[in-house]
Amino acid sequence: MSQSSEKIENLKTVLFDFHLTNGGKMVPFAGYQMPVQYPDGIVKEHQHVRASAGIFDVSHMGQFSIYGDEKDYLPLEQIVPIDLKALNLHQSKYSVLMNKDGGIDDDLIVTKVNDGLSIVLNAACKHNDIKRIHEVIDPKKTKLHDELSLIAFQGPKAVDFLEKIIPGVKDLPFMNGNILKYNGNNVFVNRSGYTGEDGFEISISNSAVQNFCEELLKNDGVKLIGLGARDSLRLEAGLCLYGHDLDSSITPIEASLSWALAKKNKEEGNFLGASKVKEQITNGALKKRVGIKPEKIIAREGSKIFKNGTEIGTITSGGFGPSVNSPIAMGYVVKEFSNEGEDLELEVRGKRHAAKVFKLPFYKKSYVK
């Protein structure tokens, strides 16, 4: 999911003051002022999510609807290679927005709902994404929901806390949602998230979201979590961050995301950039996204990757993994050197440091299926 933005704005979610009241340290993120951490700090917040449950404000992301039946939304497959006819009601799929060169303009979640499709777009990309979608979908049949907030509630105990105030969430399968009741009002809850833990994303009205968060926080095992811990959690889980591990020049095959393209769509080649994707499926891509385990040093984004003195790639995400107690990273390397256990060197502050290719994820995902 996305972090980059060409133009830093000062947009705020409706929970801005709530974050400040609770000690949130606000930073510019994808055009919004967002909490990077709270007084406990990033490592403790990370560990808390792995052990219990944490609240993430992700209302900066775009909640977008395409209204109508199949004839209205099936053209989306031209730019998002997903088998929409095979999608069950309230089922969600992760996919990508393709460009003509076979690159990824965004990664997104598509859910089939009663009146069409619901799509969650990355914050920094959402307005451009909507322009792209309007190239194949009638703008009159779409809406960006500024009246809604989005809360991610993640962790092994999230289901128990959330079931108390939104009955029925425990019955949701992974990557499926439903319209449920919170204080007598409809909310859409999806069993998904971006931390590697079981959890939920709750689409709720702006007027109700603060009360909802406050009610969850009455539980001793629930804490507010900032973007810093969200980043380390998703990196441990081997999940991509748009604008870093993915961009418009990287193909789904290079990103090891072939699974995000429906088999039908890959076979038919009925989407933008399909010729490039099919060529790489047949002949192989020249580079590949891999997990990397540095032996000692933390290697951040932009660090160069070497093999036998030759530069072979670049780190796209890197940091410390609190749950695995070691430096971790992801990046792209020449495919020849992408096998698990391959010895590499990472250049950090002018010096080379030993590392190995590591099979993702670093931390075993705990989704409920």
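In the hairpin of E6 and E7, 5 residues lie between the strands, and Gly102 adopts a positive phi near 85°. Strands (E, at least two residues) and helices (H or I, at least four) are DSSP runs, numbered from the N terminus. The model is a predicted one, in which local features need pLDDT of at least 70 and side-chain atom pairs count only at pLDDT 80 or more, while totals for chains, interfaces and linings use all residues. Residues are numbered from 1 along each chain as its sequence is written, and side-chain values use heavy atoms, with hydrogens and water left out.

E6 and strand E7 (residues 104-113) are antiparallel and joined by 7 bridges; two strands count as paired if DSSP finds at least two bridges between them. Within this pair, Ser95 of E6 has Leu108 as its bridge partner in E7. The hairpin belongs to an open sheet of 5 strands, ordered E6-E7-E8-E5-E9 with antiparallel pairing. E6 and strand E9 (142-144) form the edges; each has a single partner strand, so one side of each lacks a neighbour in the sheet. On average, neighbouring strands of this sheet are turned by 25° against each other, direction ignored, with axes taken as lines fitted to C-alpha atoms (for helices over the stretch in contact) and angles running from 0 to 180 degrees between N-to-C directions. Elsewhere in the sheet, strand E5 (residues 62-67) runs antiparallel to strand E8 (residues 116-121) over 6 bridges, and Phe64 faces Ile119 in E8.

Although E6 is an edge strand, 6 of its 7 residues are buried, so E6 is largely enclosed by the rest of the structure. Here, buried means under 20% relative accessible area, exposed over 50%, and partly exposed in between (1.4 Å probe, protein chains only).

E6 (92-98) also supplies at least two residues of the lining of the largest pocket, as do strand E15 (287-294) and strand E20 (351-358). A pocket is an open set of points on a 1 Å grid over the protein atoms alone, where a 1.4 Å probe fits, with protein on both sides within 12 Å along at least five of seven lines; lining residues have an atom within 4 Å of a point. The 45 lining residues include Tyr94, Leu239, Leu257, Trp259 and Lys365, which lie nearest the pocket centre. The largest share of the lining, 4 residues, comes from E15.

Turning to another region, Gly226 sits in the loop between strand E14 (222-224) and helix H7 (227-236). Gly226 is buried, with a relative accessible area of 2%.
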